[in-house]
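Work through the exercises below with the model open in your viewer. Try each task before reading its solution.

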Amino acid sequence: MGNFFTTTQIYDNERMSKKQFVDNFCKRLAAEGYVACGNDESELSYILKFADNCQWVTITSEDYKDDMELPRKDVVRISKMLGTACVQTTVIDSDCAVMELYNAKGEQADMFVIGRADDYFGDNIPQPKESIWKPFLTESTSWDDFNNLKNGDYVFVEDGLFELAPVIGMDSRNIVFEADEAVEDEQTVFLYFRKADSKKEKKLTLNAAFNQVFGEALEPLGFIKIKSRHPYYVRLINGEILHVITFKKDNYEKDRFEIYGGVATIYKPLIDFDQNVDYNRTWMSPIRTYELNYKYSCDNVDLYYKFQINDNNSLLEAFSKALKQTQEYIIPVLDTVISLNDVIDYCWRCNGSLLYVYSAKDMYEYYRGDEELLLYFKLNDHSDMKEEYAKVKEFAKIKHVKGLRIKTRTLDMEYEQLETSRKEKVANRDSIYNDEEVFNRVMKEISDNKENNIKILRQYGLNI
């Protein structure tokens with residue numbers, strides 16, 4: 001399955017600086033009755049992406065995934081509001097992309113399709129008009145260049161857009177820019193607005209409701225809401241272990257969400273709270289996982305928490321229910337994870353693959369970086385791991401008794417598989433100890449990761 005997303009390019013006909021453009025954008029929205037505000041209280045949100053020596057500014061929004069009509073409404077509003085041309089690009093399953101040009105009056109002036117258009121448009125494939133697009137061609141490109149690239153055969157339409165963008169003066173990376181990958185930096189600006197004189201009850205966003213309900217409960221327990229546009233609450237333990245709680249909007253149904261919890265250490269390289277929970281799901285788990293692996297049941301926790309859209313009370317009730325289940329199933333578990341050995345026990349229960357140890361030969365070919373395997377070397381572990389695996393076997397036994405394992409696998413079969421895994425892990429670990437070059441690299445990585453993560457976590461607002 002390919003990508004579906006929409007971005008809009010705003011033509012900066014005045015060649016403003018980034019600050020001038022942002023100030024002008026805010027000023028124009030203010031004229032329409034909107035004032036800048038924080039993320040938690042926003043009614044409109046935008047992400048502006050700039051590029052050096054480029055006359056086009058990319059604009060997108062996290063809200064576009066929830067409302068497929070919103071990008072079209074916005075491009076009309078923005079082109080009229082700023083009095084300039086805008087090009088909206090809609091990618092369909094990475095097969096084709098529709099590029100629509102809007103003039104300064106907010107009217108659609110032209111459109112064309114790049115990629116495998118016949119799958120979606122049949123014989124009625126719209127073609128671009130030279131008189132409309134030619135003014136945007138750069139000095140070094142021609143209309144033939146434009147058409148040759150537009151008609152190219154691309155496995156993924158994003159590749160075609162990447163080549164086509166500079167022909168009309170756009171930035172190749174920004175034309176395929178998605179809100180999910182946005183991180184605030186020198187070229188990326190996040191803007192939030194609300195109506196200045198709204199008389200009706202303000203609609204709560206999911207972020208605001210989560211912060212209102214969970215923040216009040218988690219902050220007395222030592223969690224803080226970190227400085228990120230994503231709603232992570234993080235608790236630091238002994239300067240090296242992170243307890244994390246957040247929520248995830250459902251990708252398909254706008255009226256439901258999930259709660260996730262997780263544990264990480266500063267010795268892994270990939271701690272990134274500038275990404276949403278989808279990016280961190282390799283080490284974060286929904287409440288259902290905690291119920292299954294610590295209470296040995298799967299009947300009492302909601303997989304999703306549902307609410308009525310545009311109903312503040314319903315949304316707050318859903319988060320209140322989620323909080324109660326978080327307090328029952330996640331927080332008591334996190335409270336027990338206070339040492340690095342506790343982290344290993346936790347990973348075994350929630351995601352044992354995070355502890356897989358590669359051999360010295362394969363370590364830096366297959367090591368993803370989101371695992372916690374470096375803990376064995378941080379702890380200078382030279383054991384036979386029998387004690388560790390005995391806990392895992394007991395864990396498996398309870399699940400078999402409770403009927404929570406795959407019925408085609410007997411307990412003896414699972415024990416045999418675990419014993420094979422133990423021997424392999426010990427052998428792989430020892431191969432690293434016995435390879436001076438790889439071992440030194442591992443130890444240096446542990447030290448470097450700690451140093452880098454401390455800097456990053458301080459930027460997120462953690463006192464470490």
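**Exercise 1: the surroundings of E388**

Beyond four places in sequence, E388 is in contact with I344, W348, Y376 and K425. The model is a predicted one.

Task: Place E388 in its helix, then decide: is E388 buried or exposed?

Solution.
- Step 1. Locate the residue. E388 belongs to helix α14, which spans residues 386-401.
- Step 2. Apply the cut-off. Buried means under 20% relative accessible area. E388 has 14%, so E388 is buried.
- Step 3. Look for a polar partner. The side chains of E388 and Y376 make a polar contact at 2.5 Å.

**Exercise 2: strand order**

Task: Find the order of the strands in the open sheet of 8 strands. Which strands stand at the edges?

Solution.
- Step 1. Read across the sheet. The order is β2-β8-β3-β4-β1-β5-β6-β7, and the pairing is antiparallel.
- Step 2. Check the ends. β2 (34-36) and β7 (108-115) each have a single partner strand, so one side of each lacks a neighbour in the sheet.
- Step 3. Take the angle. On average, neighbouring strands are turned by 25 degrees against each other, direction ignored.
- Step 4. Inspect one pair. Antiparallel strands β1 (residues 5-11) and β5 (residues 86-92) are joined by 6 bridges. I10 has C86 in β5 as its bridge partner.
- Step 5. Add the helix. α1 (residues 18-31) lies across β1, β2, β3, β4 and β8, and runs at about 15 degrees to β8.

**Exercise 3: two cores**

Task: Which residues touch the most other members of the largest nonpolar core?

Solution.
- Step 1. Start from the general trend. In soluble globular proteins, nonpolar side chains tend to be buried together.
- Step 2. Rank the members. The largest core has 82 residues, and F214, F257, I259, F273 and F319 touch the most other members.
- Step 3. Find the main contributor. Helix α7 (residues 206-218) gives the most to this core, with 8 residues.
- Step 4. Separate the second core. This one has 29 residues, including F112, I114, W143 and I175.
- Step 5. Return to F257. Its contacts beyond four places in sequence include L206, F247, L303, F307 and F319.

**Exercise 4: the two sides of α5**

Task: Which residues of helix α5 (residues 143-150) are buried? Why do they lie on the same side?

Solution.
- Step 1. List them. W143, F146, N147, L149 and K150 are buried.
- Step 2. Use the arc. These residues cover only 165 degrees around the axis, which puts them on the same side of α5.
- Step 3. Turn the helix over. D144 and N148 are exposed on the other side.
- Step 4. Name the packing partners. The buried residues of α5 pack against β7, α4 (130-133) and α6 (157-164).

Note on methods. Residues numbered from 1 in each chain as written. Predicted model: local features only at pLDDT ≥ 70, side-chain atom pairs only at ≥ 80, totals over all residues. Heavy atoms only, no water. Pairing = 2+ DSSP bridges. Helix = DSSP H or I, 4+ residues; strand = E, 2+ residues; numbered from the N terminus. Axes fitted to C-alpha atoms, helices over the stretch in contact; angles between N-to-C directions. Contact = heavy atoms within 4.5 Å. Core = buried A, V, L, I, M, F, W, Y, C linked by side-chain atoms within 4.5 Å. Buried < 20%, exposed > 50% of the residue type's maximum accessible area, 1.4 Å probe, protein only. Polar contact = N/O pair within 3.5 Å; in protein donor to acceptor, adjacent residues only side chain to side chain. Arc of directions from axis to C-beta.
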